[in-house]
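Here are some short exercises to work through with the structure open beside you. Try each task before reading its solution.

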Amino acid sequence: MRRALPWVWGVIGVLAVVAIWELYKWLGPADGLVLGAIQGQAGSGLRILPRTGDLNMPHVWDMFARLGQDNGAGTPVLWVSVLAALGITLGISAIGLVIGLVVGVALALVMQRWRIVEWGILPWIVVSQTVPLIAFAPIIARMGTQIDKAGVAWPGWLSVAVIASYLAFFPIAVGALRGLGSPEAIHVDLLRSYGAGYGQTLRKLRLPASVPYLLPALRLGATSAVVGAVVGEVSIGLPGGLGRMIIQLAQSASADPALPYGPIFGAVLVGLIAAGSVALLGLILKNYRRGEAVA
Amino acid sequence: MRFETKQVPDATPAVRAVGVGKTFGRRAKAVDAVAGVDLTIAAGEFVSLIGPSGCGKSTLMRLIADLDAPTAGTLEVFGRSPRTARLEQDYGIAFQQAGLLPWRSVVQNIALPLELHGVPYAERAERAEQLADLVGLADFRDHRPDQLSGGMQQRVAIARALAEKPRLLLMDEPFGALDEMTRERMQAELARIVARTGAAVVFVTHSIPEAVFLSDRVVVMSPRPGRITAEVEVPLGAERAEMLRESPEFFRTVSEVREALHGAPVGRANER
């Protein structure tokens, strides 16, 4: 009963969003609400409430029904193409997360080992996250092409994975740094009294102790990697994934308003799979998440 | 079962300190935590360091353990430098907090030092089982620290300190966080364990009855700078049983330590 409760509330939360959507569609003004519009001038004024017509706000059930239809004769059913695109984006996100994990943990290790490196690098790590992704993505894409021309194979998806890792490494580096520094002085003294060196202290103490810090960092990193992968696909124009599919289908939205919601649901699903995988990892590592009982 | 310690040449003292001092900070901010300490602890001897907070008793223990380096004098552990003694695992150590690793079970915690020193799995598992048995936790071998009471955690810490069969045990207020009843039971158990292993013990405490009950000798320290002001021999013999706590010798020695500690007649000291 206790264990089911979070799930019940989760379902209620999702249903609440659907209910609000449908309630507004039903009760809201058909033309929405625009402040300060000038007569006869299209697009003027500030829109604060959207139109409620089927063109702007399709019914939730229509969005799902659309998943079961194809895109004209001979094309696969929508959910099949969404799943295919989802697989590609999920794979790119996963590779991005792994790169982010390796880079983030490596940075945390050198920062933890040498205080001076932390002072030198940490500000740059923080600054790196203020660079907008759309400014940064073309640079990565161009570098990738140059490497590819130089003879080292560099496929487009690798550029997208690097962009995804750029978002993912940040929470991991910060979380791992805190985790590696988390053992109490008594534990560090104890390992020293056993004559343990840096490597042994790392394996037996610092890494296990950092698990409770790494898991939330990894969850943030995983969802960031998904966002990075979708945005990266859009900005370097990589075909096949959900990012491009969202843009492409949005162009037919005026004729088929429920259509672009297919890949959007796909992106939500990738995020859920990413967060779910980290939660699963947390279950496997549950022994490392015990707080030590105080006497 | 084998609880004997490593062999030691009889004449070599467990600890020999000559003019040992430790100064923290520099110049104007310098603080003498320990100054001019001369102390010799024989192999197998149980010595308590007692004194008010800030008298340097913990610092002195950390110097012996090579967790800090002395800034003056010479310090030897079994005739070698504290660093060599630490790397050779001549001593086992326990602190006021148990300091168990929360992700490891009781036996895994006890086996940690053995694991770090490359003792084969079967051997260290056997040794950890024996030690868990020795401290009365055989039924809790697979429990995690958060499932144990404070006293049980502290017993695990003591078992872990004994894992390498050290000739010297360093204990920094190991029972300081326990309630009085648990504490007395733990003292009796420690006395029994030490008698079986024959290890020398440096025991930091600020409880006078605890020091007297356990020790062969009580070393009294005073602060600013931390130094030894008196040493009291405890004439209670080798066997330490609960009944000793009611004996006249026990009370007499307690009074003697208290006088040494306060540098005043017993009457005044009793006002506290």
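**Exercise 1. Find the partners of B:Leu114 and decide whether this residue is buried or exposed.**

Solution. This is a predicted model, so keep that in mind as you go.
- Step 1: Setting aside residues within four places in sequence, the contacts of B:Leu114 are B:Val119, B:Arg124, B:Arg127 and B:Ala163.
- Step 2: Place the residue in its element: B:Leu114 sits in helix 3 of chain B, residues 106-116.
- Step 3: Count the C-beta neighbours inside 10 Å. There are 22 around B:Leu114, so this residue counts as buried; the cut-off for that label is 20 or more.
- Step 4: For a sense of distance, go to B:Asp38, 76 residues away along the chain: its C-alpha atom is separated from that of B:Leu114 by 33 Å.

**Exercise 2. Work out which residues touch the most other members of the largest nonpolar core.**

Solution.
- Step 1: That core has 82 residues, and the ones touching the most other members are B:Ile64, B:Ile110, B:Leu170, B:Val201, B:Val202 and B:Val257.
- Step 2: Take B:Ile110 as a case. Beyond four places in sequence, its contacts include B:Ala128, B:Leu131, B:Val156 and B:Ala163.
- Step 3: Now look for a second, separate core. It holds 55 residues, among them A:Ala85, A:Ile92, A:Ile172 and A:Ile246.

**Exercise 3. How many of the residues of helix 1 of chain B are buried?**

Solution.
- Step 1: Select residues 57-64 of chain B, which form helix 1.
- Step 2: Eight of the eight are buried, so the helix is largely enclosed by the rest of the structure.
- Step 3: Read through the buried set and you will meet B:Lys57 and B:Arg62 as well as B:Leu60 and B:Ile64.
- Step 4: Move just past the helix to B:Asp66, where phi is positive at about 60 degrees.

**Exercise 4. Trace how strand 1 and strand 2 of chain B are paired.**

Solution.
- Step 1: Strand 1 covers residues 15-24 and strand 2 covers residues 31-41; they run antiparallel and share seven bridges.
- Step 2: Find one facing pair: B:Phe24 lies opposite B:Val31 of strand 2.
- Step 3: Follow the chain through the turn. Six residues separate the two strands of this hairpin, and B:Gly25 in the turn has a positive phi of about 75 degrees.

**Exercise 5. Why does the radius of gyration of chain B agree with a compact globule?**

Solution.
- Step 1: For 272 residues, a compact globule would come near 19 Å; chain B has 19 Å, so the two agree.
- Step 2: Check the box around its C-alpha atoms, roughly 55 × 45 × 35 Å along the principal axes.
- Step 3: Add burial: 48% of the residues of chain B are buried.
- Step 4: Finish with confidence. The mean pLDDT of chain B is 86, with 93% of its residues at 70 or more. Residues 266-272 fall below 50, and this stretch has seven contacts in the model beyond near neighbours in sequence.

**Exercise 6. Describe the side of chain A that touches chain B.**

Solution.
- Step 1: Count both sides: 19 residues of chain A meet 21 residues of chain B.
- Step 2: Name the elements of chain A that give two or more residues: helix 7 (185-193) and helix 8 (198-236). Helix 7 supplies the largest share, six residues.
- Step 3: Sort this side of chain A by character: eight residues are nonpolar, six polar and five charged.
- Step 4: Note the scores of the model, ipTM 0.84 and pTM 0.81.

Definitions and conventions: Residues numbered from 1 in each chain as written. Chains lettered and ligands numbered in written order. Predicted model: local features only at pLDDT ≥ 70, side-chain atom pairs only at ≥ 80, totals over all residues. Contact = placed C-beta atoms within 7 Å. Helix = DSSP H or I, 4+ residues; strand = E, 2+ residues; numbered from the N terminus. Nonpolar A, V, L, I, M, F, W, Y, C, P; charged D, E, K, R; others polar. Rg over C-alpha atoms; globule rule 2.2 N^0.38 Å. Buried ≥ 20, exposed ≤ 12 C-beta atoms within 10 Å, placed from the backbone. pLDDT = per-residue confidence, 0-100. Core = buried A, V, L, I, M, F, W, Y, C linked by C-beta atoms within 7 Å. Pairing = 2+ DSSP bridges.
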